Amino acid sequence: MRGTVSQFDDVKGLGVITTADGRAFPFHCIEIADGTRTIEAGQVVTFRPLPRFGAFQAGAIDKI
């Protein structure tokens, strides 16, 4: 899937990716595929939705 990082907290390592149709997928920084642990809001990414804790979260996040 493709989306945009709509928010990211560097201290907690938590963020949200929003798709073009408005769906929001939370994520943890360990899911960023290039090994970095930070990402800027506004960054366009591809990701894979993963079922976790009864909802979908973003995984395998690649910066475009």
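Biologist: Let's start with Phe-47: does that residue count as buried or exposed?
Modeller: Bear in mind that this is a predicted model. Phe-47 has a relative accessibility of 5%. The cut-off for burial is under 20%, so Phe-47 counts as buried.

Biologist: What is the order of the strands in the open sheet?
Modeller: The sheet has 5 strands, and their pairing is antiparallel. Its edge strands, which each pair on one side only, are β3 and β5. From one strand to the next, the twist averages 45°. Read across, the order is β3-β2-β1-β4-β5.

Biologist: How many bridges join β4 to β5?
Modeller: β5 covers residues 55-63 and runs antiparallel to β4. Within that pairing, Gln-57 of β5 stands opposite Leu-50. The number of bridges joining β4 to β5 is 7.

Biologist: And which residue in the hairpin of β4 and β5 takes a positive phi?
Modeller: That hairpin leaves 2 residues between its strands. The phi in question is near 55°, and the residue that takes it is Phe-53.

Biologist: On to β1: which residue in β4 is the bridge partner of Gly-3?
Modeller: β1 spans residues 2-9 and β4 spans residues 44-52. The two pair in the antiparallel sense over 3 bridges. In β4, the partner of Gly-3 is Val-45.

Biologist: Which residue in β3 is the bridge partner of Leu-14?
Modeller: Here we're looking at β2, residues 14-18, which pairs with β3 in the antiparallel sense over 5 bridges. Leu-14 has its bridge partner in β3, and that partner is His-28.

Biologist: Now the rings. Why do Phe-8 and Phe-27 count as a stacked pair?
Modeller: There are 2 aromatic pairs in the structure. In the pair of Phe-8 and Phe-27, the ring centres are 5.8 Å apart and the planes sit at 10°, so the pair is stacked. This pair links distant parts of the chain, with Phe-8 in β1 and Phe-27 in β3, 19 residues apart. The cut-off for stacking is planes under 30 degrees apart, and the angle here is 10°.

Biologist: What is the relative accessibility of Phe-27?
Modeller: Take its ring partner too: Phe-8 is buried at 17% relative accessible area. Phe-27 also counts as buried, and its relative accessibility is 3%.

Biologist: What kind of aromatic pair do Phe-25 and Phe-47 form?
Modeller: Their centres are 5.1 Å apart, with 55° between the planes. Phe-25 sits in β3 and Phe-47 in β4, so the pair ties together parts that are 22 residues apart in sequence. Phe-25 counts as buried at 6% relative accessibility. As for the kind of pair, it is tilted.

Biologist: How many residues make up the largest nonpolar core?
Modeller: Members of this core include Phe-8, Phe-25, Phe-27 and Phe-47, and Val-5 belongs to it as well. β1, β3, β4 and β5 are the elements that give two or more residues to it. Val-5 touches, among others, Ile-17, Phe-27, Ile-39 and Val-45. The core's full count is 12.

Biologist: Let's look at some loops. With which side chain does Glu-31 make a polar contact of 3.1 Å?
Modeller: Glu-31 is found in the loop between β3 and β4. This residue is buried, with a relative accessible area of 17%. Leaving out residues up to four places away in sequence, Glu-31 touches residues including Leu-50, Ala-58 and Ile-61. The side chain at the other end of the polar contact is Arg-52.

Biologist: And Thr-19: with which side chain does it make a polar contact of 2.4 Å?
Modeller: Thr-19 has its place in the loop between β2 and β3, and is buried at a relative accessible area of 7%. Beyond neighbours within four places in sequence, Thr-19 is in contact with Met-1, Arg-2, Gly-3, Phe-25 and Phe-47. The side chain on the other end of the polar contact is that of Asp-21.

Biologist: Last one: how far apart in space are Pro-49 and Met-1, C-alpha to C-alpha?
Modeller: Pro-49 is in β4 and counts as partly exposed at 28% relative accessibility. Besides touching Met-1, Pro-49 touches Phe-25, Phe-56 and Gln-57, leaving out residues up to four places away in sequence. Pro-49 and Met-1 are 48 residues apart in sequence, and their C-alpha distance is 7.6 Å.

Technical notes
Residues numbered from 1 in each chain as written. Predicted model: local features only at pLDDT ≥ 70, side-chain atom pairs only at ≥ 80, totals over all residues. Heavy atoms only, no water. Pairing = 2+ DSSP bridges. Helix = DSSP H or I, 4+ residues; strand = E, 2+ residues; numbered from the N terminus. Phe/Tyr/Trp six-rings, centres within 6.5 Å; stacked < 30°, edge-to-face > 60°. Buried < 20%, exposed > 50% of the residue type's maximum accessible area, 1.4 Å probe, protein only. Axes fitted to C-alpha atoms, helices over the stretch in contact; angles between N-to-C directions. Polar contact = N/O pair within 3.5 Å; in protein donor to acceptor, adjacent residues only side chain to side chain. Contact = heavy atoms within 4.5 Å. Core = buried A, V, L, I, M, F, W, Y, C linked by side-chain atoms within 4.5 Å.
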